[in-house]
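Colleague: I have not looked at this structure before, and I would like to learn how to read its features one at a time. Could we put it in front of us and begin?

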Amino acid sequence: MKKILFVMNTMGRAGAERALLALIKNLPKEEFDISLYVLINRGELFDEVPDHVHILNKKPDNRSVLSFGGRLAIIHTVLRCFFRHASGFRLIGYFLKNLKIQLCAHRLLPDKLLWRTIANGSVKLQDTYDLAVAYLEGASTYYIAERIQAKKKAAFVHIDYQKAGYNKTVDLDAYQKIDRVFAVSKEARESFLRVYPEYNKKTFLFRNLHDTNRIASLAKKPLPDNSAFVKSSACYKLLTVGRLNYQKAYDIAIDALAILRKRNIDADWFVLGEGSLQKELTRQIAKKGLSDHFFLLGSTNNPYPYYRAATIYVHATRFEGKSIAIEEAQLLSKAIVASDCTGNREQIQSGTNGILVTLTPEAVANGIETLLANPSLIQKYEQAGRQTMLTHPKDMDAFLELLE
C-alpha cells in the first residue's frame, strides 16, 4: 500500500481546504495509506477529515483559525517555531533581505516571511513516504521541500503567485526539490511560470475537485431561523463567500451596494466568512448607512443553503487562483457576477455563464443591476452554470503518475 502525506498550513473553512478533502475522498482507501499534517494545528475542517486518514497532529484543534483565538494560535505557533532549535535566529538574514525587497516595493507582507519560520521550526516527521504533497503555497511547500523524506514530492499552487507576493527570494530553492507542481487554473500556472520559467515541464494543471453529492445534500438543509438572511425582506439577496481580507475586495462591494441602494434597488448583501478586516469593514458599512443591508454573517459549517436561497452570487475580488466559491455557486445553479481578474476570467465567460466586470464600485453595481433587471438572463446563467464541466480525469492521472 502506497503511503501519501498531505501537508496543509491550516484546516480552516477556506476553498483550498475543502478541495483537499475532496481530493482525499477521491483516492481509494484500499490502495493508499494517507496521512495529514497541519502546520498550524487549528481549523474547523479537522472534523470533516475521513476516518481512514491518519491525522498526525496531536490533539487537533477544530476551532476557527480566523477568530481572535485563532490569531493567538498562529502567533503561538510562529513563536514556538522561531525558538525551536534556534531556527528563527538562523533566518535573520533572510528576514532582512526580504523585508528590504518588500519595503522597496511598498508592499509589506509579513505572512510571506513567517511561512519560512513555521516550516523550519515545525516537527520533522520520521517516516518516509511514497508521495509527499504540499497542498498550499508557503509553509507547506517549504516544509515538504526541506523537512520530509519522500520518494516523490508535489506542491499545489492555488493563487496568482505574483500578485500574492511570492518570489524566488522568499521561496529560496523550495521548488527545485519538488518533482511536480500542480496549478489549479491555467492563469495560476502562467503566473507561477513567470516566476519559475525553468519549471515549465514539471508544472501541470489540477483543477479543484468537489464532493458534489455532499454539496447537493447540504444545500437542502434549512437556513437558521435567526439568520439575518432569513429575516431580510429585501427583494434581492446577494451572496459572497470568502475570508474578510484585502484580496476579496469587500471595500468595493460595500460601495457597490451603496450605489445600488441609491438607485432604489432593494438588495441586501450577505457575506459568509471571517477575517482580520471585520472591524474595519463594519465601520465602513456603518459609515455608508448600510448596517441594515450589508451583513457580515461570519463563518458557517454549511454555506450551501445560502447559495441556494440567494438571488445571485457575487465574487468581486482583486485576484484569485481559481475560486472554489465560484465553482460551488455553479454547482448550485447560481447566476454570477465576478470581477475580471486572474482565475475569475477562466471560470466565467462573460455573457455566456455570468458577467465579468471591472473592479470598481460603479462597474460592480452595474453588473449586478444588469442581472437583477433581467430574470431571463439570470435563468440563462443558472442553466449554463449547471452545465459547466468541473471534472477533469486527466488531472488525477498526472497526480497518480507520481506513485507509479
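Colleague: Which residue has its charged end over the ring of Tyr199, and how far is that end from the ring centre?

Modeller: Please keep in mind throughout that this is a predicted model. To read such a feature, one looks for a charged group placed above the flat face of a ring, and here the charged end of Lys202 sits over the ring of Tyr199, 4.1 Å from its centre. Another such case is Lys112, which lies over the face of Tyr166 at 5.0 Å from the ring centre.

Colleague: How should I read the sheet, and what is the order of the strands in it?

Modeller: One follows the strands from neighbour to neighbour across the sheet, and in this model an open sheet of 7 strands runs in the order β3-β2-β1-β4-β5-β6-β7, with parallel pairing. Because β3 (54-55) and β7 (203-205) each have a single partner strand, they stand at the edges, and one side of each is left without a neighbour in the sheet. Further in, β1 pairs with strand β2 (residues 32-38) in the parallel sense over 7 bridges, and Lys2 stands opposite Phe32 in β2.

Colleague: Which strands does helix α7 touch?

Modeller: Helix α7 (residues 186-195) packs on the sheet by touching β5, β6 and β7, and its direction makes about 170° with that of β7. Helix α17, for its part, lies across β1, β2, β4 (128-134), β5, β6 and β7, and runs at about 160° to β6.

Colleague: How many residues of helix α5 are buried?

Modeller: For a helix, one can go through the residues and ask which of them are shielded, with buried meaning under 20% relative accessible area. In helix α5 (residues 139-147), 8 of the 9 residues are buried, so the helix is largely enclosed by the rest of the structure. Among them are Tyr142, Tyr143 and Arg147, and the buried residues of α5 pack against β1, β2, α4 (110-121), β4, β5 and α6 (168-171).

Colleague: Turning to the rings, how many aromatic pairs are there, and why is the pair of Phe6 and Phe399 called stacked?

Modeller: The count comes to 29 aromatic pairs. To class a pair, one looks at the distance between ring centres and the angle between planes, where planes under 30 degrees apart count as stacked. The rings of Phe6 and Phe399 have centres 6.4 Å apart and planes at 5°, so this pair is stacked. The pair links distant parts of the chain, with Phe6 in strand β1 (residues 2-8) and Phe399 in helix α17 (residues 393-400), 393 residues apart. Phe6 is buried at a relative accessible area of 0%, and Phe399 also counts as buried, at 0%.

A tilted pair is formed by Phe156 and Phe182, at 5.2 Å centre to centre with 35° between the planes. It joins strand β5 (residues 149-157), which holds Phe156, to strand β6 (residues 180-183), which holds Phe182. One aromatic cluster takes in Phe6, Tyr135, Phe156, Phe182, Phe204, Phe206 and Phe399.

Colleague: Finally, is Glu320 buried or exposed, and which side chains does its own side chain meet in polar contacts?

Modeller: Glu320 lies in the loop between β11 (312-315) and α13 (324-331), and it is buried, with a relative accessible area of 5%. Its side chain is joined to that of Lys248 by a polar contact of 2.9 Å, and makes another with the side chain of Thr317 at 3.4 Å. Beyond its sequence neighbours, Glu320 touches residues including Ile159, Asp160, His315 and Asn344.

Notes. Residues are numbered from 1 along each chain as its sequence is written. This is a predicted model: local features need pLDDT of at least 70, side-chain atom pairs count only at pLDDT 80 or more; totals for chains, interfaces and linings use all residues. Side-chain values use heavy atoms; hydrogens and water are left out. Helices (H or I, at least four residues) and strands (E, at least two) are DSSP runs, numbered from the N terminus. Buried means under 20% relative accessible area, exposed over 50%, partly exposed in between (1.4 Å probe, protein chains only). A polar contact is a pair of N or O atoms within 3.5 Å; within protein, one must be able to donate a hydrogen and the other to accept it, and residues adjacent in sequence count only if both atoms are side-chain atoms. Contact means heavy atoms within 4.5 Å. Rings of Phe, Tyr and Trp (its six-membered ring) pair if their centres lie within 6.5 Å; planes under 30 degrees apart count as stacked, over 60 as edge-to-face and the rest as tilted. A charge sits over a ring if NZ of Lys or CZ of Arg is within 6 Å of the ring centre and within 35 degrees of the ring normal. Two strands pair if DSSP finds at least two bridges between them. Axes are lines fitted to C-alpha atoms, for helices over the stretch in contact, and angles run from 0 to 180 degrees between N-to-C directions. Lists of a residue's contacts leave out its neighbours within four places in sequence.
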